[in-house]
Amino acid sequence: MSQSTALRTVGFIGLGTMGREMAQNLMKAGIALRVFDVRREAVTELAALGAHAARSAADAAQGADVAITMLPNTPDVEAVVLGDVGLLAHPPTGRLIIDMSTIAPAAERRMHALCAAQHIDFVDAPVSGGPLGAKNATLTIMAGGTVQAFERALPFFEAMGTTVTHVGASGAGQTVKLCNQLICGINIQAICEALALGRASGVDLKHLREVLMGGSAASWMMDKLGPAMIDGDASAGFRIDLMLKDLRLVQEQSHTLNVPLPASALVTNQYLDAVAHGEGRNGNQALFRVYDRMTGHSVS
Ligand code: NAD
């Protein structure tokens, strides 16, 4: 962590799967926390570990050097930043807001401009690495905003992640994250297809995965999600509904910019299929169930 910056207080808003772990890593780095979530039990859990339980996002930001948001989707971040009792109207004392959620790049640019007009630094800094990366403080963090704002945010990022990169102006962090997500989605789909073909051909799927992991088809997704796909374990991990949210953002951006992304469009529809069949709260690996239905086979 940079020695030049004294880290004092963070207002942390959004204590779900990712946020609760990231907040704890800030505390481990000696930073005082003021936490808020609409779920009171999430606030109580962090308060038991030493955080101050705030009553609202504005209360979390009060007296803080920085406010960090880790919320599900664009409307949630807009409500917390732009709402009547939001961070724009009640900024942290240090006038720095960092949004680490995955949301629309255009929304980040709008909030950045509104904050800049009030002399508040605003950084979009989505993450990759999942709940395990959040717990182990090994997240990959991709940040968009001014160089000056990024440098102010860097010591906080270093308490939560290991690969931290300033990728460009406001919104650029989200664009890089969406590129990450489209590769992840298409990769999961490719793994599903390989497993579906292997299964129909009577190949042992554990052996199939083991061999593929040793060759040029190996991937993070095959490593981390392959076993759960093969075992029919749909629980835990990055949720199907969050992945669909990200792929929708990819579609929106590609349509706005007239960039045809046919593979992304196909896998987005498969995630729609998964949600339509009630899989929204299951882990990403449950995309394999779409292939169960298409092929008439089942892992269980
Ligand atoms: P989550 O749904 O588990 O947590 C979000 C939290 O925000 C919840 O506790 C919810 O109660 C809270 N919340 C919602 N609206 C609020 C509001 N107005 N004020 C205060 N709190 C509010 O989601 P998550 O898995 O932690 O993901 C958070 C973000 O990070 C998402 O944008 C997601 O796409 C992204 N992300 C998730 C993962 C992952 O593996 N889960 C990985 C990388 C990025």
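**Exercise 1. How many nonpolar, polar and charged residues are in the lining of the largest pocket?**

Solution. The model is predicted.
- Step 1: sort the lining by class. The largest pocket has 22 nonpolar residues, 20 polar ones and eight charged ones.
- Step 2: set this beside the full lining, which holds 50 residues.
- Step 3: add the space. The volume of the largest pocket is about 1,400 Å³.

**Exercise 2. Find which residues and elements line the largest pocket.**

Solution.
- Step 1: start at the centre. Thr17, Met18, Pro131, Phe238 and Leu242 are the lining residues nearest to it.
- Step 2: list the elements that give two or more residues. They are α4 (74–82), β7 (127–128), α6 (130–135), α8 (172–200), α10 (220–231) and α11 (240–256).
- Step 3: pick the top contributor. α8 gives the most, with six residues.
- Step 4: check the domains. Domain 1 (9–170) and domain 2 (176–295) each supply at least three lining residues.

**Exercise 3. Describe the second largest pocket and place it relative to the domains.**

Solution.
- Step 1: take the volume. The second largest pocket holds about 190 Å³ of space.
- Step 2: take the lining. It has 13 residues, with Pro105, Ala106, Arg109, Gln253 and Thr256 nearest the centre.
- Step 3: assign elements. α5 (105–117) and α11 each supply at least two lining residues. α5 gives the most, with five.
- Step 4: sort by class. Seven lining residues are nonpolar, three are polar and three are charged.
- Step 5: place the pocket. Domain 1 (9–170) and domain 2 (176–295) both give residues to this lining, so the second largest pocket lies between them.

Conventions: Residues numbered from 1 in each chain as written. Predicted model: local features only at pLDDT ≥ 70, side-chain atom pairs only at ≥ 80, totals over all residues. Heavy atoms only, no water. 1 Å grid on protein atoms, 1.4 Å probe; cavity = no way out; pocket = protein on both sides within 12 Å on 5 of 7 lines; lining within 4 Å. Points joined across faces, edges and corners; volume = space filled by probe spheres on them. Helix = DSSP H or I, 4+ residues; strand = E, 2+ residues; numbered from the N terminus. Nonpolar A, V, L, I, M, F, W, Y, C, P; charged D, E, K, R; others polar. Domains from an automatic or database assignment.
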